[in-house]
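Let's take a walk through this structure together, one stop at a time. Keep the picture open beside you as you read.

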Amino acid sequence: MSLNLYDTSTRTVREFVPVEPGRVSMYLCGATVQAPPHIGHIRSGVNFDVLRRWLMRQGYDVTFCRNVTDLDDKIIRVAAQEDVPWFVVSERNQRAFTWAYDQLGCLPPTVEPRAMGHVPEMVELMRRLIDKGHAYASGGDVYFDVVSYADRYGKLSNQKLENMRAAADTDTDSLKHDPRDFAMWKGAKPGEPTWPTPWGRGRPGWHLECSAMATKYLGGTFDIHGGGVDLIFPHHENEIAQSQAAGDGFARYWLHNGMLKLGGEKMSKSLGNSLLIPDMLRKVRAVELRYYLVAAHYRSAIDYSDEALQEAAAGYRRIEGFVTRAAEVIHDVDAAAPLPQAFVDAMEDDLNVSQALAVVHEVVREGNVALAQGNKEQVARLLAETQNMLDVLGLDPRSPQWRTTGDSGLREVVDALVAVALEQRQAARARKDYAAADAIRDQLAAAGIVVEDTPQGPRWELAQ
C-alpha cells in the first residue's frame with residue numbers, strides 16, 4: 001500500500017507521489033506571533049510533525065519549512081498597546097512558540113524563515129505579477145487583481161468569484177480596482193515599520209510572505225503545503241493565486257488540520273478561551289498532551305474538555321506501563337523490527353493516527369499477556385513493535401526527548417524521592433517490620449503512586 005493523502009485542492013484522497021523520488025518538500029504555515037501559543041496553535045505543528053516522521057520512516061529525505069509571521073496588523077496593535085517596538089512582541093512570542101514545539105516533541109524544522117527577513121523576495125514576486133498584468137500599484141499599495149485570475153481564483157476553497165465578498169484587508173478600498181482584490185503591499189503609515197520598494201515605502205500584506213518564502217526554500221513547485229482549515233480562505237487561496245499567476249507551480253498537495261474548539265467555538269485569545277501551553281502542562285505531562293493532540297484524525301475537529309484530556313493521559317500511561325515493565329526484562333530493543341501491517345495500513349490511509357493507536361493498544365494488550373506468562377521472546381517482539389510505532393508518533397516514553405523536557409525533569413525528581421521511600425520500605429521488610437513497610441506503601445498510594453513488587457524488585461507508576 002502507498003501513502004494516500006486527502007488533498008483539499010481536489011477534495012479527494014490521492015496517492016502521494018513526490019516531485020523528486022526519495023525526497024519530500026513540505027511547507028507549513030507557522031505562527032503569527034502576536035501572542036503566546038495555546039493548544040489550538042500547537043495542534044497543527046504536532047499533526048504535521050507526525051506526517052514528517054512517517055515520511056522519514058518510509059525512507060524519504062524530508063525538507064520541512066515552517067515559517068514565522070513576525071509582523072502583521074495584530075502584532076502592530078499589541079506593540080502599540082504595550083508601547084514597545086513591534087519586534088519586541090514578535091521575539092517574545094516566537095520564543096514561546098519554539099519552547100512549546102520543543103516541549104510537545106516536534107522535530108525542529110529544516111528551516112524556519114521569518115517573514116521580515118524576506119522582503120527582497122516579496123518585492124521580486126510583486127514585480128513579476130505586475131509585469132504579467134496580475135497586480136497593480138495604487139497610492140503606495142500593491143494589490144493582486146483577482147479578476148485577472150478569475151478562471152482559477154476560488155478553486156481551493158470551492159467558491160466562485162461572483163459570490164465573494166470584499167477582501168476587507170485594508171482601510172483603503174478606494175484604491176482598489178475591485179473590492180475583492182487583496183493587498184500584497186501596504187503603503188507607509190505613521191508609526192508603522194516600513195521598507196523601500198519601487199512603488200513606495202511600506203510593509204508586506206499577510207499573504208505575500210508565504211509565497212515568497214515557500215518558493216525560496218522549496219522551489220517553484222514543491223510537494224506539500226499544510227496548515228489549519230481556517231487558512232484555506234483567504235490565506236491559502238491567495239498564496240495559490242500569487243504564485244501560480246507569477247508562473248510557479250507551487251504546492252502539489254494541500255493538507256489541512258481541523259480546529260481545536262472549546263464549548264463548540266474556535267479557540268482564540270479574543271474569546272478568552274485560550275488554553276496556553278504552560279497551563280496545560282500543569283494538568284498533564286507534555287507527552288500526554290501530545291498523545292491527546294495526535295489521537296484524533298488530523299482532519300477532524302476536537303472539542304476540548306478536561307475529562308477528554310485526562311482520559312487520553314490515562315490511555316497513554318497504559319502504553320507507557322507496558323513499555324516500562326517490558327524494558328525491565330528486555331534490555332536490547334530491535335529498532336529495525338518491522339511495524340505491524342495494520343499500523344502501516346492505518347498510517348498510509350490519510351495518516352489515520354486514531355486507527356494506528358488502536359493497533360498500538362492491541363499490541364500492548366498482547367504484550368501484557370506475554371509478560372504475565374513470562375514469554376521473553378514474545379515480550380521482546382511486542383516491545384520492539386510498540387516502541388517503533390510510538391517512535392513514528394513521537395510518543396516513545398524511552399525516547400531522549402521525554403527525558404530532557406521540563407516535565408521529564410520533574411519525573412526524575414519524583415523518581416529519586418520515590419526511590420528513597422522504596423529503599424526504606426525494603427529495609428523495613430528485610431528486618432521483618434511489615435507494618436512499617438505497609439505504612440510506606442500506603443503513604444505512597446495516598447500520594448497517587450502505585451507500587452508493584454516484581455521479580456526484578458519494586459517498581460512504581462502514577463495511579464490511573
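Leu-351 has a relative accessibility of just 4%, so this leucine counts as buried. You'll find Leu-351 in the loop between α10 (341-348) and α11. Leu-351 is not a glycine, and yet its phi is positive, at about 55°. Keep in mind that what you are looking at is a predicted model.

There's another residue with that kind of backbone angle. Asp-83, also not a glycine, has a positive phi of about 60°. Asp-83 sits in the loop between α2 (73-82) and α3. Is Asp-83 buried or exposed? With a relative accessible area of 69%, Asp-83 is exposed, since anything over 50% counts that way.

Now step back for the whole chain. It has 464 residues, and 52% of them count as buried. The secondary structure adds up to 15 helices and 15 strands. Along the principal axes, the C-alpha atoms fill a box of roughly 90 × 55 × 35 Å. The accessible surface is about 20300 Å², with 51% of it belonging to carbon and sulfur atoms. And if you take contacts between residues at least 6 apart in sequence, 74% of them join residues at least 24 apart.

Back to the helices, beginning with α3. Its 18 residues (86-103) should span 26 Å at 1.5 Å a residue, and the C-alpha atoms at its ends are indeed 26 Å apart, so the two values agree. Among the buried residues of α3 are Trp-86, Val-89, Phe-97 and Tyr-101, and the polar names Ser-90, Asn-93 and Gln-94 are on that list too. After α3 comes Gly-105, which has a positive phi near 80°.

Next stop, α6. From first C-alpha to last, its 15 residues reach 20 Å, close to the 21 Å expected at 1.5 Å a residue. This helix is mostly covered, with twelve of its 15 residues buried. Those buried residues include His-235, His-236, Glu-237, Ile-240 and Ala-241. What do the buried residues of α6 pack against? The list is α4, α5 (206-218), and the strands β6 (141-144), β7 (182-187), β9 (221-228) and β10. There's a backbone detail here as well: Pro-234 lies in α6, and the peptide bond leading from Phe-233 to Pro-234 is cis, with omega near 5°. Gly-247 follows α6, and its phi is positive, near 115°.

One of those neighbouring strands, β6, holds Phe-144. At 0% relative accessibility, Phe-144 counts as buried. So who keeps it company, setting aside neighbours within four places in sequence? Phe-144 is in contact with Ala-241, Gln-242 and Ala-245, and its other contacts include Leu-129, Tyr-149, Phe-182 and Met-184. By contrast, take Phe-144 and Asn-4: these two are 140 residues apart in sequence, and their C-alpha atoms are 34 Å apart in space.

Time to look at charges. The chain carries 51 positive and 63 negative charges, and the mean positions of the two sets are 1 Å apart. How many salt bridges are there? The count comes to 28. In one of them, the side chains of Asp-248 and Arg-128 meet at 3.3 Å, N to O. That pair links distant parts of the chain: Asp-248 is in the loop between α6 (232-246) and β10 (250-257), while Arg-128 is in helix α4 (residues 119-131), 120 residues away. Asp-248 has a relative accessible area of 15%, so it is buried, whereas Arg-128, at 27%, counts as partly exposed.

Another salt bridge joins Lys-176 and Asp-169, at 2.9 Å from N to O. Both Lys-176 and Asp-169 are buried.

A third example stays within one helix. Arg-365 and Glu-362 form a salt bridge whose closest N and O atoms are 2.9 Å apart. Because they are three residues apart in helix α11 (residues 353-373), about one helical turn separates Arg-365 from Glu-362. Each partner counts as partly exposed, Arg-365 at 48% relative accessibility and Glu-362 at 36%. Elsewhere, salt bridges with shared partners tie Asp-73, Lys-186, Glu-192 and Arg-203 into one network.

Terms used:
Residues numbered from 1 in each chain as written. Predicted model: local features only at pLDDT ≥ 70, side-chain atom pairs only at ≥ 80, totals over all residues. Heavy atoms only, no water. Helix = DSSP H or I, 4+ residues; strand = E, 2+ residues; numbered from the N terminus. Expected span 1.5 Å × (residues − 1). Buried < 20%, exposed > 50% of the residue type's maximum accessible area, 1.4 Å probe, protein only. Salt bridge = Lys/Arg side-chain N within 4 Å of Asp/Glu carboxyl O. Contact = heavy atoms within 4.5 Å. Areas by Shrake-Rupley, 256 points an atom, 1.4 Å probe, with all protein chains shown as cover. Lys, Arg positive; Asp, Glu negative; His and termini not counted. Charge placed at Lys NZ, Arg CZ, Asp CG, Glu CD.
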